[in-house]
Amino acid sequence: KTLRYANQGDLKSLDPYTLNETTTNAHLGNVYEGLTKRGKDLAIQPGLAERWETPEPTRWRFYLRKGVKFQNGEDFTADDVLFSADRVRAQGSNFQTRVPKDAKFVKVDDYTVDVVLSSPNPILNSQWDTWYIMSKKWAEANNAVAPTPAAATTPSYAALNANGTGPFKIESHQAGVKTVFKPNPGWWGKPEHNLTEVIFTPINSDATRVAALLSGEVDIIEPVPLQDIQRVNASANAQVLTGPELRTIFLGFDQTRDELLESNVKGKNPFKDPRVREAFYKAIDIEAIKTRVMRGLSTPSALMIAPELFVYSKDFVRPKLDVDGAKKLLADAGYPNGFEVGMDCPNDRYVNDGAICQAAVGMLARIGVKVNLNAQPKAQFFAKVLKSGDYKTSFYLLGWTPGTFDSHNVLFDIMGCRDNPNSNRGESNLGNYCNKKLDALTDQILVETDVEKRNQMIKEAFKIGFDDYGYIPLHQQSLAWGVAKNVKVAQRADNSVLLYWITKD
Amino acid sequence: MTPEPATTPTAAARASAWARLRDSDILASFLASKVTMVSAFVTVVMLAGAAFAPWIAPTNPFDPASVDLLNSLLPPRWVEGGDPQFLLGTDNQGRDLWSAILYGMRVSLIVGVCGVAIAATLGISLGLLAGYLGGRLDAFIMRVADIQLTFPAILIALVIDGVVRALFKGVAREHTAFGVLVVSIGLSFWVQYARTIRGSTLVEKNKDYVQAARLIGIPAPLIMLRHVLPNVIGPVLVILTINLALAIITEATLSFLGVGLPPTQPSLGTLIRIGNDFLFSGEWWIVAFPGITLAAFVLAVNMVGDWLRDALNPKLR
Amino acid sequence: MLAFILRRIAQSVVVLLTVGLIAFALFRLVGDPINQIVSLDTPQEQRLKIRAELGLDDPVIVQFGRYLARAAHFDFGISYQFRQPVSTLIGERMPATLELSLVAALFSLVVGIPMGVYTALRRGSALSSAFMALSLAGVSLPTFLIAILLRYVFSVQLGWLPSFGRGAVVQLGFWSTGLLTPSGLKAIILPSITLGLFQMTLIMRLVRAEMLEVLRTDYIKFARARGLSDRAIHFGHALKNTLVPVITIAGLQLGSLIAFALITEYVFQWPGMGALFLGAVQNVDIPIMAAYLMLIAFIFVMVNLVVDILYAVVDPRLRAHFQTA
Amino acid sequence: MTDAPLVQVTGLRRVFDVSKPWLDRVVAREPRQTLKAVDGVSFEIRRGETFALVGESGSGKSTVARMVVGLLPPSAGEVVIDGVSMTDRKDAARRARLRRRIQMIFQDPYASLDPRWRVGDIVAEPIRAFNLARDRREVEHRVGEGLKLVGLDPADARKFPHEFSGGQRQRIAIARALAAESDFIVCDEPTSALDVSVQAQILNLMRDLQDRLGLTYLLISHNLAVVRHMATTIGVMYLGRLVEVSPARDVFAAPRHPYTRMLLDAVPDLAMSGRPRTPVQGEIPNPIAPPSGCTFHPRCGLADERCRREAPATIEGVACHAVAEGRAGAARPARAAGG
Amino acid sequence: MTQPVLSVRDLKVDFVTRRGTLKALDGVSFDIARGEVLGVVGESGAGKSVTGAAVIGLIEPPGRISGGEILLGGQRIDDLPPAAMRRIRGRRIGMVFQDPLTSLNPLYRVGDQIVETILTHLPVGRAEARRRAIDLLKEVGIPAAERRIDGYPHEFSGGMRQRVVLALALCAEPELVIADEPTTALDVSVQAQIIGLIKRLCAERGTAVMLITHDMGVIAETADRVAVMYAGRVAEIGPVRDVVKRPFHPYSRGLMGSIPTLEGTADRLVQIPGSMPRLAAIPSGCAFHTRCPHAFAQCWLERPEPMEHEGHRVACFLYEPGMESARARADRIPADSPPVPTEEAKP
Ligand SMILES: Nc1ncnc2c1ncn2[C@@H]1O[C@H](COP(=O)(O)OP(=O)(O)OP(=O)(O)O)[C@@H](O)[C@H]1O
Ligand SMILES: Nc1ncnc2c1ncn2[C@@H]1O[C@H](COP(=O)(O)OP(=O)(O)OP(=O)(O)O)[C@@H](O)[C@H]1O
Ligand SMILES: [Mg+2]
Ligand SMILES: [Mg+2]
């Protein structure tokens with residue numbers, strides 16, 4: 001059976017260490033495999049490692065699967081793991097954080113590898129499902145030992161060819177146009193799919209993608225624009241699979257500058273006053289955003305992490321919508337007539353991101369705050385608001401999925417203070433929300449191995465951020481895959497479309 | 001000296017001007033063509049609607065405080081589920097579509113008119129200079145025009161938009177988009193004016209009345225302004241109307257590609273782009289009404305321009 | 001003739017250089033390509049290093065010189081998005097765009113010229129009024145609306161024609177063509193109509209206007225006075241004279257067809273250069289954008305050259321001018 | 001009034017560069033190409049006189065006219081009007097004063113009036129330009145006077161040119177020329193676009209004005225009959241050269257240059273006198289590559305080897321070897337006896 | 001008298017415009033015999049070209065023949081269907097237009113245009129047609145015709161082109177040639193050559209010629225008879241010598257008097273006051289009465305019909321039988337005396 005599949009994004013490079021990006025990772029996940037895998041419920045499962053153990057807190061031992069062959073026929077052994085561990089941490093890799101810098105890989109025998117750490121790390125292998133293992137011999141033979149940097153000025157063999165151990169192999173690849181997958185007959189596992197060929201086409205226009213699905217020219221599309229879900233479901237030959245996604249969408253404030261870059265308030269920064277942040281929080285009608293903008297397909301969130309990823313999420317409840325209260329708060333803070341502020345927002349990154357921002361603009365207008373919205377394509381947006389753009393924003397919308405599926409990542413990257421230039425802490429904390437108590441907890445969380453104790457600490461840290469109104473979390477958006485009726489597919493919450501779980505009648 | 005009141009001659013002149021118009025072929029051919037009359041009527045009504053939008057429109061769609069998200073996606077009044085408050089329904093932000101169309105029309109028109117005004121001013125001045133002065137200046141201007149012709153308006157706008165975004169990184173699109181559009185349209189449409197004006201200037205400058213003026217010693221800039229310009233400006237009228245239509249389409253296309261006006265101040269094009277996302281989902285009115293308005297207006301303007309072209313062409317009479 | 005071609009080529013080089021400079025200089029200012037290349041959590045030192053590696057720290061003039069030198073070898077650098085040589089990417093997509101544009105041009109000529117002739121000869125007849133109204137609608141409806149409408153009707157509602165893509169393609173050497181497979185032929189119908197419609201109406205109106213002009217000339221009156229048949233007058237004398245200006249405009253239009261294809265390609269997901277360019281603009285992929293602009297300018301210049309030569313073939317007055325040159 | 005001529009033209013020459021673009025010349029190894037539109041023309045016009053230039057199309061008549069009024073700078077030679085050089089750069093102030101005394105009437109009455117201007121403004125333009133009136137009322141008054149002078153109604157000042165016939169427009173053009181208080185008027189084919197009956201009106205008007213205001217005319221025409229009617233002196237041009245200058249009555253009574261004779265022979269014989277005529281030969285050659293020697297030799301029945309070789313000098317107003325050598329025979333009267 | 005080649009009877013041509021119907025021709029009648037040259041003169045707009053166009057059937061909308069008839073060799077041709085008329089054009093009636101620069105299609109070789117015309121009308125093959133074309137070009141005086149036949153129009157000078165146009169008009173040996181101002185755009189010297197050529201060729205073949213011009217000199221040299229047109233009517237028609245030397249109609253007199261001649265000695269030319277009326281506002285009665293120095297009451301009221309007077313026909317009441325006193329009065333006025341300068345008379 002031939003499956004035709006269209007995605008908004010493209011498979012940007014075939015070198016699995018070039019670009020850490022969801023769509024690319026998912027695609028390569030059909031061809032390459034890591035030592036671990038994640039199941040349909042995202043639970044960590046054995047991959048190329050059959051099993052692993054932690055004989056001591058700083059030593060992990062992995063037992064490799066035997067009889068696995070790369071698609072070019074070579075055997076998979078411990079050498080390949082050692083090679084991949086070096087390669088993934090080498091200059092030019094976009095996945096360097098997958099494996100700690102100081103972790104030593106030791107070959108015990110051909111099918112056993114030890115990882116020696118300098119300090120305990122309970123979540124060492126939490127991202128290894130997307131650390132794909134490459135063949136040492138193949139890489140050496142093809143002059144591809146070094147990872148292809150994203151900025152490569154000469155194309156490398158590995159970027160244009162793939163040699164994994166996975167269930168599919170790439171038959172042909174024309175960037176931006178078409179990629180053809182064929183099942184790998186020598187795969188070690190038992191195929192759960194019944195496909196003989198997969199033709200993948202990137203289609204970035206929403207309407208075209210939907211039209212292609214409706215007219216039966218493709219079998220699966222991702223994503224389906226929210227407003228078209230009904231239409232697709234009403235059609236005879238396709239339906240939409242929806243489900244919660246792990247990404248949290250939130251609003252952030254510049255809390256570090258003494259004067260906002262884009263505001264009519266001069267000489268002071270209103271966002272340094274928690275009452276102003278609280279007022280903003282209470283002015284946002286999250287239910288209206290859910291029902292109108294997201295068409296019911298979002299989960300309003302009180303935390304900066306999805307409930308699936310943190311067990312005590314339920315203990316947090318968003319403050320109620322309270323326009324009058326918000327006005328009063330603003331007045332108390334010294335802004336009875338509100339003020340003016342610029343807002344940065346991507347318009348092609350998250351589900352209905354532009355519309356969410358517009359809605360927020362309207363809601364804030366009711367408490368007298370005039371928001372000048374700058375909705376822009378993601379390229380411009382990121383160029384402006386990220387570190388490389390000097391965090392030039394006063395008020396913004398952003399989305400975040402912790403790559404480790406763990407709260408530490410959120411507390412460290414998003415909620416950590418940015419004050420130490422030698423640390424990566426708070427690198428994506430664009431407005432520099434900062435609370436030292438939270439930072440201290442974060443550091444303890446990293447090394448704590450007792451799960452319950454760790455969860456309590458996480459809860460405490462989130463509570464600090466919650467009480468500070470450091471961010472306005474909005475919601476977790478939904479996945480929406482359009483699937484032809486004769487196709488069955490397993491939808492995973494990290495939005496990876498994995499071909500090996502697809503069957504077509 | 002006559003004791004006549006000073007106004008008489010001008011009044012007489014005006015009367016005769018009116019008489020000339022009444023008598024002229026233009027008016028007659030206008031009255032003879034029903035299609036043109038209807039088009040002109042549509043044009044005028046739409047222009048008036050756009051001009052008086054703040055007084056006609058029930059709400060101000062540019063004021064975020066006046067839109068309620070909870071009113072979003074309501075169908076037109078006469079459709080089941082419609083709200084009598086919203087004649088043509090609402091868009092995804094809860095904006096009254098009727099008001100949004102009036103305001104959007106206004107925005108589209110302002111962009112179009114400003115863009116075309118820049119193009120015309122630029123093109124006419126350059127064309128006049130090139131044609132009248134000739135020589136290297138002429139060659140240079142026309143070469144620039146050639147190069148410029150390589151790139152259609154869309155491409156130029158994409159380029160300019162990118163540059164502006166890069167140069168004014170901090171500034172919100174709201175503040176730059178308008179300028180970008182106007183400048184792009186101005187820069188991409190001037191060539192036509194320059195070529196037309198240059199062509200007729202080349203003819204006109206050799207006519208004897210220009211020679212006569214030179215003979216009296218009238219300086220070249222004055223000759224260009226007072227003698228040549230009024231006589232070459234005729235065909236520009238036609239280009240103006242047609243360009244206005246084209247400018248509005250260009251703006252809409254750019255907005256469709258996401259380079260146009262921001263969704264907080266939607267032009268017709270932006271409304272269509274927003275609406276296009278809702279075409280499959282059954283909210284047809286968001287794309288249909290702005291689409292019809294745009295097409296009708298452009299069509300009407302083009303019809304008038306078309307007629308004008310024929311009416312002003314003496315050879316066709 | 002030789003001097004003429006030489007001059008044209010010299011002019012073309014100037015045009016290309018200017019366009020190259022504009023393209024390069026402008027795009028050099030757009031966004032910061034680094035953000036496109038690296039992920040969110042790339043440290044600053046690494047960013048600086050990549051900047052240096054890409055030569056983004058050199059003076060703009062140096063970068064431009066380097067760019068031109070490479071462009072002369074058809075090396076437009078590596079796409080930031082695709083990590084492949086731009087020349088390869090463009091090479092892969094050029095056939096799609098050229099096929100689309102040529103089919104659209106063919107459509108606009110084959111339909112536009114007869115319609116123009118008809119409306120000129122039968123001024124005032126019901127059918128020619130209908131044609132004129134249609135042509136006005138053609139120039140009044142934005143391309144993207146037409147595309148949406150056509151696709152909605154013919155692929156979504158009726159399901160007759162594919163809604164996107166090129167269908168199956170056949171590789172003929174370096175050229176991939178969709179014109180040899182049934183699915184490829186079906187796939188090109190809607191995009192080429194969308195793209196060609198505007199040009200078609202333009203050509204129709206141009207032919208009509210020129211034809212009316214020519215029909216008023218003395219030599220047509222004289223041809224009548226010689227008793228030639230209407231056929232000979234209209235299609236022998238008038239049409240040939242009409243075609244002289246039509247050739248120029250049609251030539252220029254071919255250039256803009258290729259450039260305008262980007263809207264059509266965007267809507268129909270046509271795997272051509274236009275779509276590539278649009279994606280490049282969104283992703284600030286400078287090498288692709290610059291190469292595309294150069295290419296458009298190059299095609300335009302070539303088309304112009306061909307048009308000028310064609311002109312000389314049709315019009316003996318110019319031929320003489322060339323020969324004495 | 002002195003007896004000195006009002007206008008003195010000496011050695012006037014105008015060369016147009018008609019070369020192909022540089023690259024073409026390089027490739028084709030061609031030299032620059034020039035066109036000698038006017039080549040060493042000298043004549044003088046006395047006050048109150050009408051000097052006429054005749055010749056075939058392309059002989060350079062208009063070019064001379066344009067140089068005389070200063071619309072076109074000569075390549076060489078000098079135009080002196082009332083003692084002031086029109087060509088010498090130094091005398092700018094005096095030349096500016098002179099300017100207004102020289103005006104021109106053009107051939108095409110439909111193109112010589114700005115169609116967007118009211119007649120009153122057209123006529124007033126030189127008055128305003130030369131500051132000849134103190135205020136608006138005086139301007140209006142002068143315009144009215146001017147229009148009356150040429151037989152139009154002062155009320156016509158409010159109309160636009162298109163409301164007038166060709167003859168009336170030519171009157172407006174004359175009024176404009178006179179409004180500058182000029183006394184030397186260059187008329188480049190002033191009536192060739194008009195019907196004969198209207199032409200008569202204009203020619204009569206021109207003569208009346210000359211009588212009343214003492215105007216001096218440089219009249220350009222290809223119509224010998226018109227010239228015969230108007231001119232006191234006639235210059236015959238051929239390919240940029242003045243081949244014969246004589247008092248009008250002599251030219252018609254006894255044309256000397258063979259070209260003058262040919263021109264006279266070409267004039268249809270309205271009187272049907274049946275005068276004997278030699279048929280005209282050939283057409284005017286390409287001025288870019290004029291024939292060698294005397295440029296008229298290919299069409300001349302009297303041409304000999306010398307004519308082909310060397311250009312004739314002007315002797316007693318005639319530039320012809322045959323005349324100089326006495327080969328031309330007796331000057332033949334063009335007019336049949338009794339007319 | 002044998003049957004005239006062309007006979008025009010009471011021809012009326014209207015132009016229907018928005019502002020009413022213009023009577024461009026209002027009852028024009030004349031004959032042209034075999035081998036005869038009829039000169040048609042008159043002011044601009046008098047209807048000369050329209051007459052020519054009507055005869056060859058090329059009046060274009062909004063114009064139409066609204067009355068009268070045109071007979072070619074006794075056969076009525078004004079009501080023929082287009083196809084039949086097309087067979088007459090070029091074959092039996094040839095035409096020469098004013099401007100030789102624009103009369104030839106610039107994109108086709110001169111020879112091809114001639115051959116095309118010959119093939120359209122005569123039953124000959126291509127080679128034969130080409131041979132004839134060369135002969136014709138020789139006949140109209142094109143040197144090296146064998147070579148020049150393959151030239152394009154732009155390679156010919158103005159006079160040469162007019163010769164080619166003449167060859168085209170004559171290539172099917174028509175019975176009648178209409179020449180509409182064939183020399184106006186040419187130099188005096190070339191004009192004489194072309195006129196001579198027309199005269200010679202037509203005399204040799206016995207072709208009738210309708211020579212439209214406003215140059216009296218050309219008429220005097222070429223024509224056998226002259227028709228003087230004024231405001232869409234024939235004011236006077238008669239043998240050339242009579243009309244030129246002793247015109248009857250006051251308009252003709254004025255016209256003749258206003259022409260400066262090489263022989264003329266008068267200080268002032270005769271001047272007809274005013275200008276020809278616009279066709280939309282032709283005065284009642286005699287169209288000339290507003291400008292006529294002899295006009296009397298009847299001229300205001302009634303339109304004079306052409307009447308025979310001393311061998312030619314004049315449309316003027318002065319020559320009505322029984323108007324002896326008027327005629328005497330008119331005859332007393334010398335033809336070239338200046339008329340009383342009057343303001344343009346307004347009815
Ligand atoms: N601006 C110019 N550039 C090049 N050649 C010119 C220019 N003006 C005039 N000539 C040439 O100079 C020659 C003389 O032209 P001019 O107009 O003086 O002739 P003319 O005697 O007035 O002829 P006509 O009777 O046709 O008006 C012609 O061959 C003409 O082509
Ligand atoms: N297409 C037309 N529409 C309206 N009126 C026309 C048209 N063609 C000719 N006429 C009118 O018919 C009248 C006669 O025109 P015609 O061309 O026969 O004049 P003419 O005697 O040939 O003048 P000229 O000497 O200028 O050639 C003119 O007054 C003109 O206004
Ligand atoms: Mg001249
Ligand atoms: Mg005529």
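These notebook entries record what I looked up about two ligand sites and two chain interfaces in a predicted model.

**Entry 1: ligand 1, on chain D**

I began with ligand 1 and asked which residues come nearest to it; of the 14 around it, they are D:Ser57, D:Gly58, D:Lys61, D:Ser62 and D:Thr63. I then went through the polar distances one by one. The side chain of D:Ser57 places an N or O atom 2.5 Å from an oxygen atom of ligand 1, and the side chain of D:Thr63 does so at 2.4 Å. From the backbone, I noted D:Gly60, where an N or O atom lies 3.0 Å from an oxygen atom of the ligand. With those contacts written down, I looked up the cover, and found that the protein takes up 65% of the 640 Å² of accessible area that ligand 1 has on its own.

As for the secondary structure behind this shell, two elements of chain D give two or more residues to it, strand S2 (34-45) and helix H2 (61-69). H2(D) gives the most, with three residues. Sorting the shell by class, I listed five nonpolar, six polar and three charged residues.

**Entry 2: ligand 2, on chain E**

I repeated the lookup for ligand 2, which is surrounded by 14 residues, the closest being E:Ser44, E:Gly45, E:Lys48, E:Ser49 and E:Val50. Among the polar distances, I recorded two from the backbone: an N or O atom of E:Gly45 lies 2.7 Å from an oxygen atom of ligand 2, and a polar backbone atom of E:Gly47 is 3.1 Å from an oxygen atom of the ligand. From a side chain, I added E:Lys48, whose polar atom lies 2.8 Å from an oxygen atom of ligand 2. How much of ligand 2 does the protein cover? I read off 66% of the 630 Å² of accessible area that the ligand has on its own.

The elements of chain E that give two or more residues to this shell are strand S2 (20-32) and helix H1 (48-56). I noted H1(E) as the one that gives the most, with three residues. By class, the shell around ligand 2 holds six nonpolar, five polar and three charged residues.

**Entry 3: chain D against chain E**

I turned next to the contact between the two chains, which takes 40 residues from chain D and 44 residues from chain E. For its extent I used buried area, following the general habit that the size of an interface is often given as the accessible area lost when the parts come together. Chain D and chain E bury about 3500 Å² between them, with 55% of it on carbon and sulfur atoms. How many salt bridges does the rule find across the interface of chain D and chain E? The count I obtained is zero, whereas the rule does find six residue pairs in polar contact, with both residues at pLDDT 80 or more.

On the side of chain D that touches chain E, I found that helix H6 (166-179), helix H7 (196-213), helix H8 (224-230) and helix H10 (258-266) each supply at least two residues. The largest share of that side, nine residues, comes from H7(D). I divided the residues of this side into 16 nonpolar, twelve polar and twelve charged.

**Entry 4: chain E against chain C**

My last lookup was the contact of chain E with chain C, in which 26 residues of chain E meet 23 residues of chain C. The two chains bury about 2200 Å² between them, and 60% of this is on carbon and sulfur atoms. Within chain E, I noted that E:Arg86, E:Phe97 and E:Leu107 lose the most area to chain C, together making up 27% of what that side buries.

Across this interface the rule finds three salt bridges, and I wrote down one of C:Arg224 with E:Glu60, whose closest N and O atoms are 3.7 Å apart. The count of residue pairs in polar contact between chain E and chain C is eleven, again with both residues at pLDDT 80 or more.

For the side of chain E that touches chain C, I listed strand S6 (93-96), helix H3 (100-103), helix H4 (110-121) and helix H7 (158-170) as the elements that give two or more residues. H4(E) gives the most to that side, with five residues. I closed the entry with the classes, which are twelve nonpolar, nine polar and five charged residues on the side of chain E that touches chain C.

Notes. Residues numbered from 1 in each chain as written. Chains lettered and ligands numbered in written order. Predicted model: local features only at pLDDT ≥ 70, side-chain atom pairs only at ≥ 80, totals over all residues. Heavy atoms only, no water. Near = heavy atom within 4 Å. Polar contact = N/O pair within 3.5 Å; in protein donor to acceptor, adjacent residues only side chain to side chain. Areas by Shrake-Rupley, 256 points an atom, 1.4 Å probe, with all protein chains shown as cover. Helix = DSSP H or I, 4+ residues; strand = E, 2+ residues; numbered from the N terminus. Nonpolar A, V, L, I, M, F, W, Y, C, P; charged D, E, K, R; others polar. Contact = heavy atoms within 4.5 Å. Buried area = accessible area lost by both parts, 1.4 Å probe. Salt bridge = Lys/Arg side-chain N within 4 Å of Asp/Glu carboxyl O.
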